[in-house]
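Please walk me through this structure step by step. Keep it simple enough for someone who is new to reading protein models.

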Amino acid sequence: MHTLNQFLLRLADAGVDFVVIGGYAGVLHGSSLVTRNLEICAVLTEANVAQLRRVLAELHPKHRLTPQALSFLDTPPPGTPLDNLYLRTDWGTVDILSRVLGVGDFERLKRQAESFVLESKRIRLIALDDLIRAKEALGREKDLLAAKELRAIAALRAKDDS
Amino acid sequence: MSSATDAITEAERAGFDLSLVEHSLTLTPAERAREHDGALALVLELERIRDERHAHPQSISPASR
């Protein structure tokens, strides 16, 4: 089995510029919830999409929300504007969003992002306050529940810092 | 009550075991990632066993009835 860490490292090794968001960002901040997919925020320019195609090619990426599971390698054609990608690969699912509801686009996320080192690679991580904002903006029951734990994490962190 | 205390109380009321969070906060993000990958591997293995049992249900032996 390939892990979410390996997925992160593959993207970082290839020089993809991204910020980890979603449930896995919660885990990295200290959440006890288990998640099975990786969500990142990145700028989906034509050049970046081409880079993602090269990085993911061996992992047989498919659009997981299309009934025919179309290959990401040739769909959509180069140059098609993209906001988000929802992919299933041999290593698991990865969602790539160009902006995060309630927070903003990649540049906004990157400005506030925290970072950590994973096997000598620096990985950017959405700031805890931004992640809480994003979870609450989504408004789904599971996100609101996750936000409650994240708020407790923020409180415990603040207590440790004081 | 402070908002920090409120947040902790609310998370506990929602069912979170904050001792797990407190443990997690003693780790680095990279260590949290490794612990999570172990937990996810366990979840996936349990799912695999469940699916296998659904695919090949075992008959109940008379002695165990």
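Which residues in H2(A) and H6(A) meet? On the H2(A) side they are Gly23(A), Gly26(A) and His29(A). On the H6(A) side they are Ala146(A), Leu150(A) and Ile153(A). Keep in mind that this is a predicted model.

Stay with these two helices for a moment. Two packed helices are described by the angle between their axes and the distance between the axes. For H2(A) and H6(A), the angle is about 25° and the axes are 11 Å apart. That angle makes H2(A) roughly parallel to H6(A). Their crossing is left-handed. Sort the residues of this contact by class and you get 3 nonpolar, 3 polar and no charged.

H2(A) covers residues 22-29 of chain A. Besides packing with H6(A), H2(A) lies across four strands: S1, S2, S8 and S9 of chain A. Against S1(A), H2(A) runs at about 95°.

Now turn to the sheet. In chain A, 7 strands form an open sheet. Read across, the order is S3-S4-S5-S2-S1-S9-S8. The pairing is mixed. Strand S3 (62-63) and strand S8 (114-118) of chain A stand at the edges. Each has a single partner strand, so one side of each is left without a neighbour in the sheet. Strands of a sheet pair through backbone hydrogen bonds, either parallel or antiparallel.

Start at the S3 edge. S3(A) is joined to S4(A) by 2 bridges, and the two strands run antiparallel. Here His63(A) stands opposite Leu87(A) in S4(A). Next, 6 bridges join S4(A) to S5(A), again in an antiparallel pair. Arg88(A) has Thr93(A) in S5(A) as its bridge partner. S4(A) and S5(A) form a hairpin, with 2 residues between them.

Move on to S2(A), residues 37-41. This strand runs parallel to S5(A), residues 92-97, and 5 bridges join the two. Ile40(A) has Ile96(A) in S5(A) as its bridge partner.

Further across the sheet, S1(A) and S9(A) pair in the parallel sense over 2 bridges. Val19(A) is matched with Arg124(A) in S9(A) as its bridge partner. Then comes the S8 edge. S8(A) and S9(A) run antiparallel and are joined by 5 bridges. Leu118(A) stands opposite Lys121(A) in S9(A). The hairpin of S8(A) and S9(A) has 2 residues between the strands, and in it Glu119(A) takes a positive phi near 45°.

Which other spots in the backbone deserve a look? Go to the loop between S3 and S4 of chain A, where Ala69(A) lies. Ala69(A) has phi near 45°, a positive value in a residue other than glycine. Pro76(A) is found in the loop between S3 and S4 as well. A cis peptide bond joins Thr75(A) and Pro76(A), with omega about -5°.

Next, bring in the second chain. How many residues of chain A are in contact with chain B? There are 26, and they touch 27 residues of chain B. On the chain A side, helix H1 (4-13), H2, S8 and H6 each supply at least two residues. The largest share, 12 residues, comes from H6(A). By class, the chain A side has 16 nonpolar, 4 polar and 6 charged residues.

Look closer at one helix pair between the chains. H6(A), residues 141-161, packs with H1(B), residues 3-13. The angle is about 140°, and the axes are 8 Å apart. H6(A) and H1(B) are therefore oblique to each other. H6(A) passes H1(B) in a left-handed crossing. From H6(A), the residues making this contact include Lys148(A), Glu149(A), Arg151(A) and Ala152(A). From H1(B), they include Ala4(B), Ala7(B) and Ile8(B). The contact divides into 8 nonpolar, no polar and 5 charged residues.

Finally, how far does the predictor trust its own result? The model scores ipTM 0.87 and pTM 0.90. Chain B has a mean pLDDT of 87, and 86% of its residues reach 70 or more. Among the elements of chain B, helix H2 (residues 18-25) has the highest mean pLDDT, 96. Helix H3 (residues 29-55) of chain B has the lowest, 91. Where pLDDT is low, the predicted coordinates should not be read in detail.

Terms used:
Residues numbered from 1 in each chain as written. Chains lettered and ligands numbered in written order. Predicted model: local features only at pLDDT ≥ 70, side-chain atom pairs only at ≥ 80, totals over all residues. pLDDT = per-residue confidence, 0-100. Pairing = 2+ DSSP bridges. Contact = placed C-beta atoms within 7 Å. Axes fitted to C-alpha atoms, helices over the stretch in contact; angles between N-to-C directions. Parallel < 35°, antiparallel > 145°, perpendicular 65-115°, else oblique. Left-handed = near helix turned anticlockwise from the far one by under 90°. Nonpolar A, V, L, I, M, F, W, Y, C, P; charged D, E, K, R; others polar.
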